[in-house]
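Welcome! Here are some short exercises on salt bridges and cavities, each with a worked solution. Have the structure open as you go.

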Amino acid sequence: MIQPFDPAGQINQINTDIRNACGSEILRRDSNMSELPIPGDNTPSPATSDYLANYAEMLVGLEMVDSPPEEAFDKYTRLVARTLAAPVALVSVVEEGKDRQYFKSSFGLKGIWALQRQTPLSHSFCQFVKRDNRPLIVTNAPKDARICDNMAIPDLGVRAYLGVPFHDRNGHAMGALCAIDSNPRDWTQDDIDTITDLAACVTDQVCLRMALRLSNNW
């Protein structure tokens, strides 16, 4: 069980941990939902077969799917769990062509889903974060008309969800860094700001991998 987060006693250490994990100064990203992209606003469409094939090849080349867990990403799920006092945190890579979300990193996930490190998209909230390229904030999933029929609710026990997209070097959303709670929860602005900063760090890791592969003629 994760102990409740005490802002007064731990905020300085948390800020230090985040700076160290990112390895560089965090760039603040506006989390105002009204200013984020919406479907149809020049966002890339994942519908074409060429896109899906190229995307799948890129994910394998970057070792973002079907690959072992790595500390480069595990540190972010640990920080999300600690700072948001969330029982579960994931770096979820959404792959529509294979009807799955793959967990490059997970914290607190249990059972068959932890062993398989993936679920079908019928059990994914993160697919909507990637599709819309914007945060998804869910306080009580069974009562939320957007996702109340998602199978993650009965099968994974998801009640509250906070997910923010991470991106490739071209700015295309790849999936979500997310926090999950098994109880209804009102996410605070501090929660949203913190996970947005950490999702930017995940993006930095992805972009670094892409740059290294390009430099090696990948």
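**Exercise 1.** Are glutamate 95 and arginine 100 buried or exposed?

*Solution.* This is a predicted model, in which local features need pLDDT of at least 70 and side-chain atom pairs count only at pLDDT 80 or more, while totals for chains, interfaces and linings use all residues. Residues are numbered from 1 along each chain as its sequence is written, and side-chain values use heavy atoms, with hydrogens and water left out. Take buried as under 20% relative accessible area, exposed as over 50%, and partly exposed as in between (1.4 Å probe, protein chains only). Glutamate 95 and arginine 100 are then both buried, arginine 100 with a relative accessible area of 7%.

**Exercise 2.** Find which residues share a network with arginine 100.

*Solution.* A salt bridge needs a side-chain nitrogen of Lys or Arg within 4 Å of a carboxyl oxygen of Asp or Glu.
- Step 1: glutamate 95 pairs with arginine 100 at 2.9 Å, N to O.
- Step 2: aspartate 66 also forms a salt bridge with arginine 100, at 3.0 Å.
- Step 3: through shared partners, Asp66, Glu95 and Arg100 form one network.

**Exercise 3.** Work out how many salt bridges there are in total, then examine the pair aspartate 191 and arginine 185.

*Solution.*
- Step 1: the count by this rule is 10 salt bridges.
- Step 2: the side chains of aspartate 191 and arginine 185 meet at 3.6 Å, N to O.
- Step 3: aspartate 191 and arginine 185 are both buried.
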